[in-house]
Every structure is written in structure tokens, then in C-alpha cells.
Amino acid sequence: MEAQQILKDFPSGPLDRYRSRASFSWKDMALLLDGEDCIKLRHRIWSEMENDPLFRDNRDATSMEDARRLTMERIKKLWSSTTLPVEEAIAKPLLISAYITSVGMYDWSLSVKWSLLSTFQVAAIQGLGTERHYDILGELMSNEATGCFALTEIGHGTNTKAMRTTAVYDKAAKEFVLNSPDFEAAKCWAGNLGKTATHVVVYAQLYTPDGKCHGLHAFIVQIRDKFTLKTLPNVIIGDMGEKLGLNGVDNGFMMFKNYRVPRECLLNRTGDVDEAGNYVSPFKDPRKRLGASLGNLSSGRVGIVAICIANMQKALAISIRYSGVRRQFGPEGGEELPVIEYQLQQGRLFPYIAAMYAGFYFSKTFLIDFFEFRQAGMLKEDPEKLAFMGAEIHALSSAAKPLAGWLARDAIQESREACGGHGYLSVSGFKALRDDNDANCTYEGDNNVLLQQSANWLLSLWNDIVKDQHQSIDMEARSPFNSARFLKGYSDILMYKVGSLPEEGWMCPRESLRAFEFLICYLCKSTAEKIKKLESTGMDDFTVKNESRTFFASALARSYVEYVFLQRLVFLSENSEVAIELRNVLGKLAALYGTWSLEKYSATLYEGGYLDGKLGVQTLRSAVIRLCSDLKNDAVSLVDALAPTDFILKSALGHSDGQVYTHLFKSMSEVPNSFNRPDWWTLVTDNARAKL
């Protein structure tokens, strides 16, 4: 295979000790998880960057304006590259994700800006628009026009229903009139809006001439001149300024004042207004129309999951390789041991390797699910089927994005701390990782609020199943992506208890799946009962929802997506077409991810009677420790399989040759004026010289 030749053997060095002990080939694992096409694409991108002075030299901008200019210069170079031909990207959509994450591992500002310009807005138009939008779609795909996506407003982010930008249809002119009532209604945080975009997919409350509001709808609107980049009349656009990270992306704010756009600017796949001002939709139920629309809105969250996992790939490559080299302490009279040998270091880092593998495989398979849903929409399949698909996609993405964001945040921080003081150096590679990843915990929806949307979908399913005494509900239709079909068997699931499952039992990841199914059913039941109890007091719906979130709905949504991460990794580990040595280590990773995740719910599992008191919790915890120990000799090769090249990793601590101290000395020696006294030396010596 060509990919096997691309994946070069690592230089011999201190990490040989662990690489030689691995139970599997890291190259085979890379091929299994990423696939030959994605591997070839990634290394093609990274090689081009390393050999191009624009990417190789002066990698760090000194100001926000420099960052913006440098990012756009690099965007232009990416546009002129033939690394990913359009035809190939359309035929193999996984390559788009591989391209975005590969560029992002170099610089997330560059990746985010490229995605917004080249794919995100295009995907939104493809998912929500129709044939009448092909012309602008072509301009965006050829980069004649540049785009951004504007949903969030200054005064409202997560509560989309309360957004206040309006689009009122004027049937005499056959135009929509867009208005922002005040600054709180200004669109904001849209990447590329500040300086770059000529067009925007903007969400507004749609009003027909009869004064009726039909809710949020998307419009494709021109906001700047394509040739001069000057803002068009009746549109106000500004830059939001410097951020904690991602400063190569120009986030902006925008207001409309009686801004008129043609009727055809409405993206009309799920709802339209005819020339006479009548609202029409293929969906009779507005909730199902919203479900289909929300599914299309999930593309950002689908992408963020992959971004977060890519950040884990870098962070864990650094901390695990460093742990295999760094020696501290040892038995009396013996040599110092690499810190990877210590149970504490294993317990801090190895569960995140398992989570990274679960997240990586989930991200790839979920992307395929999302494209299946989008394809069904473009083929105009049955509206009810589309609504069910969209609702599940929305539920999954609304929970997966928070989980991936938090996992990456914690893996980066734990990795930084696990590298001790050296991890605090900029050359460790953690600074940009931490700053840029932080945005993933906020944009495309606040994590904690997003979880409530997943919980709402689960509780709706639960209530329908419980009411369905004849067991006639079609769970294959209601959960087309198989994330919640098990709920139909809730009676039997809630009867099953493991008590004090021996440590050996937890070595099988199927036990963790069973435990999660019990946990989710129990949390559905508990949350539904909590809601019913609150309702019986006469409490209004709003207050009932507010009073049933902590320890109930939030835990339900998080455990649900942890289950799906685990479920898909277990399926891969049981695939008979996968080499046995890979299946074995994937099974251990699945078991570790399952037990580590479940341990956080041990109180709830005990409360529900699934675990039998003290011993049940102890064996679950001892299983986590044992699985970490079992993976010690595989840990370095596990991160090797998903790590980028050294040029992309850019870490003195995580270099693939393991020569940590050589790279540290080199980086410290290259600090400007490192070995000379500073030009402000007199400030230090004034007092001493005054006494001469």
C-alpha cells in the first residue's frame, strides 16, 4: 500500500523501549482508523506546507492584523493548491474532514477560515437551498464570492427562537426587507464577517404580509461588493476585535436597516414564500420542519467534534511520548523509571487515549451519517423520514460537541500538567492548543444548554415508548442511526443488575455497554418522574424544565453520547474483518473508555441498584487501573498511529525521535539574545553601581 510507504518508521531513540513492546503495528492501526485516502491526503498537505516558505517560516504573527493578513495569504495558497480536487471531495466526503483537521493541526485559524469560506456556507446552501441558489453556490465554490454564516446575535445565542433580526416580505416589490431593531439584535461572532465575506447565510424571523411570523429561516444575502470589498448600503459591519485565540479569523458584527433582498434569497428547501406572499412548506407539522432544519444546522457541530479529537491527537502525542522518556525516581538501588511506568501517570493520561480513539471513530462514522441525511434531503425523500433523521442528528451533534470539547479541554490540560514545568514552555506546543481549543466549548451553542436539546429528544422518545403499551412504535424509524433503539426494551434493561461484577467481567466492553443502557433508561425514568412530580404541584412548563436539569436531564444527555461513542468503538473492535491484534487492543481501549466513563456515574448506578454497594464500585475502579496497566506497552504506539508529523506537532517535548533534552536545548539556545545580557541591564545594576 502507498500509505504504508508514506508512514515512515520513526528515528531510533529513547522511545524504542516502548515501541518494540507494542502488541500491534501502529501503521496498521493508522490505516484501519483513517484509511489510505485520508493518510495520503494528510501527508501531502503537511509535506507541501513544510516545503513552502509561506508556511515553514515566520509561523507566528506578532499582531492581530498580521495574523489576519498572514492567514489570508495562506488561504490564497490553499486555494491555488490541487491537493484536494473538488470532484474527489464530492465523491469522498471524509476527505473534506481530513483536509480541515490536517490544516487545523498546523493552524486552526487557517483551517476555520478556509472551512467558512470554502465548505461551511456551501454545505448550508446545499442543505437548505434549492436549484435557484445554484448560481451563488457556484460563485462560492470557485471563490469568486466569499462567505460567512450568521445566526448568533449580541443579545441571544443559544435561544434561537428569541432572535430578533426580521425579514418581512413585501409582495409589491417581491422582496424581503431585513432589519435589526437595535444593537442587541446585531448578528455577531460570524467568522469572516469582520473583513472578508461578500455574502452571508443569515437567519431571521420570517414574516408574511399578513403579519404572521413563521420562525427562523435562512437567507443567502450579499453584504459587500465582490470587486471592492466595500460594505453595501443599509448594512453596517464591524470587527469584534482580539480574542483569546484564533486571531487569524475576523469575527464581526452586522446590522441591517431596511435592507432589501430578492425573494429568491430565501433558502427554501424546508419553507418558502410564493410571489403572492403565501407561506408554503412540505412539512405540515412546524416541529418537523424545525427538526429537518436543525439537522442541517448540525454540520458545524459535526465538524467541531473532529476538531476537538484532532487537538487530543496532538496533546496526547506530546504527553505520552514525553512520559516515555522523562525519568524520575525508581526502586532502591535501581535506575530511574520513565514516568509512564507509574500508575498515577497512566491513570491521568491513558483514559484520554481511549476517549480519543472512541471520539475519532465516532467522528468519522457520524460524518457519514450526516452526509446520508443531507443526501436524503437533496433527493427530497419522505418528509417524515427526514424529520426523524434530522432530529436524531441534532440530538447526537448537540451532545457530541460538548463531550468532545470537554474531553479535549481536559486532555490538553492534563497533558500540560503531566509534562511538569517543561509543559509550561511555549515550545511544548500546549499554548496554541489550549487557546484555540477553548472556543470549541462555546461556539455553535453553549455546551450545557446543547445537552438539554439532546435530553429533550430522549425524553420525547421515552414518553412515546412508555405510552405505547402494544409495543408498536417503530424504533428503526424513530432512531434511524441506532443511537437509542435499545430504549424500547427498557423494562428488561431496568430489571438487569450486575451487583458486584468481578474485575474480570469489566474487561469485556459489552458489560460497559449494558451498564450504560441501564443508566440511560434509569435516568430517562428518573427525569420523567421528576418532571411529572413538579408538574403535579402546578408548576409551569418553563419552571419544570429549569428544575429538572442538574443531576437529571444533563446527566442523561451526557451519558447518552458517551454510550454512542463506546457503542461504535465496540462494534469496530468486534469486526471480524479487522486483524486480531488490532481488535484486541481496540477492545481494551473500549473497556477502558467504558469503565472510566461509568465510574463518574457510580453513585447513580448504586442508587438505581445496578451496582451492589461498596464492592461493586471498587471492582469498577480496579478495572480502570488494570486496563491502564495492560495498555502501558501499547500507549506510545497508540498515539503514534494518530499523531501528525513533527513539523505539524511543533513540540520540543513530543518529537517522534524522543530526544526531549536535545530539542529543549536547541529551542532555548534559539531564544533571541538567550546568552547575552539584556539591553535593560542597567535597571538591574543601578543600585549596585550607585555605591561605587
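How many of the eight residues of helix α25 (residues 635–642) are buried? Eight of the eight are, so α25 is largely enclosed by the rest of the structure. "Buried" here means under 20% relative accessible area, "exposed" means over 50%, and "partly exposed" is what falls in between, with a 1.4 Å probe and protein chains only. Helices (H or I, at least four residues) and strands (E, at least two) are DSSP runs, numbered from the N terminus.

A quick word on the ground rules. This is a predicted model, where local features need pLDDT of at least 70 and side-chain atom pairs count only at pLDDT 80 or more, while totals for chains, interfaces and linings use all residues. Residues are numbered from 1 along each chain as its sequence is written, and side-chain values use heavy atoms, with hydrogens and water left out.

**The whole chain**

The protein chain has 28 helices and 11 strands. Its radius of gyration is 27 Å, close to the 26 Å that the globule rule gives for 692 residues, so the chain is as compact as a globular protein of that length. That radius is taken over C-alpha atoms, and the rule is 2.2 Å times the number of residues to the power 0.38. Along the principal axes, the C-alpha trace spans about 90 × 75 × 65 Å.

Of the 692 residues, 55% are buried. Take the contacts (heavy atoms within 4.5 Å) with a separation of 6 or more: residues 24 or more positions apart account for 74% of them. The chain exposes about 30,000 Å², and carbon and sulfur atoms supply 53% of that; the areas come from the Shrake-Rupley method with a 1.4 Å probe, and for residues only the protein chains shown count as cover.

As for charge, there are 79 positive and 84 negative side chains, and the centres of the two sets lie 2 Å apart. Lys and Arg count as positive and Asp and Glu as negative, leaving out His and the chain ends. Each charge is placed at NZ of Lys, CZ of Arg, CG of Asp or CD of Glu.

**Cores and the helices that feed them**

In soluble globular proteins, nonpolar side chains tend to be buried together. A nonpolar core, in the sense used here, is a set of buried Ala, Val, Leu, Ile, Met, Phe, Trp, Tyr and Cys residues joined through side-chain atoms within 4.5 Å. The largest one has 141 residues, and those with the most contacts inside it are Met29, Met312, Phe350, Ile353, Tyr357 and Leu487. Helix α13 gives the most to this core, with 16 residues. A second, separate core of 46 residues includes Ala98, Leu117, Val201 and Phe647.

Tyr357 is worth a click in the viewer. Leaving out residues up to four places away in sequence, Tyr357 touches Met29, Leu33, Leu569, Leu586, Leu589, Leu638, Ala641 and Leu642. Leu638, Ala641 and Leu642 are among the buried residues of α25. The buried residues of α25 pack against α2 (16–19), α3 (26–34), α8 (94–106), α12 (299–325), α13 and α22 (580–599).

Two other residues of α13 are worth a look. Phe373 sits in this helix, which covers residues 343–378, and is buried at a relative accessible area of 3%. Its C-alpha is 8.1 Å from that of Ile393, with the two positions 20 residues apart in sequence numbering. Ser363 is in α13 too; it counts as buried at 10% relative accessibility and touches Val305 and Ala306, not counting residues up to four places away in sequence.

**Positive phi and a few other spots**

Two loop residues other than glycine have positive phi values:

| Residue | Phi | Loop | Relative accessible area |
|---|---|---|---|
| Lys174 | near 55° | between β2 (166–170) and β3 (175–179) | 38%, partly exposed |
| Leu229 | near 65° | between β6 (213–222) and β7 (235–239) | 38%, partly exposed |

Further along, Ser667 lies in helix α27 (residues 660–669) and is buried at 16% relative accessibility. Leaving aside neighbours within four places in sequence, Ser667 is in contact with Val427 and Ala652. Ser667 and Ser426 are 241 residues apart in sequence, yet 9.9 Å apart in space, C-alpha to C-alpha.

Finally, Arg44 is in helix α4 (residues 36–50) and is partly exposed at 34% relative accessibility. Arg44 and Leu692 are 648 residues apart in sequence and 64 Å apart in space, C-alpha to C-alpha.
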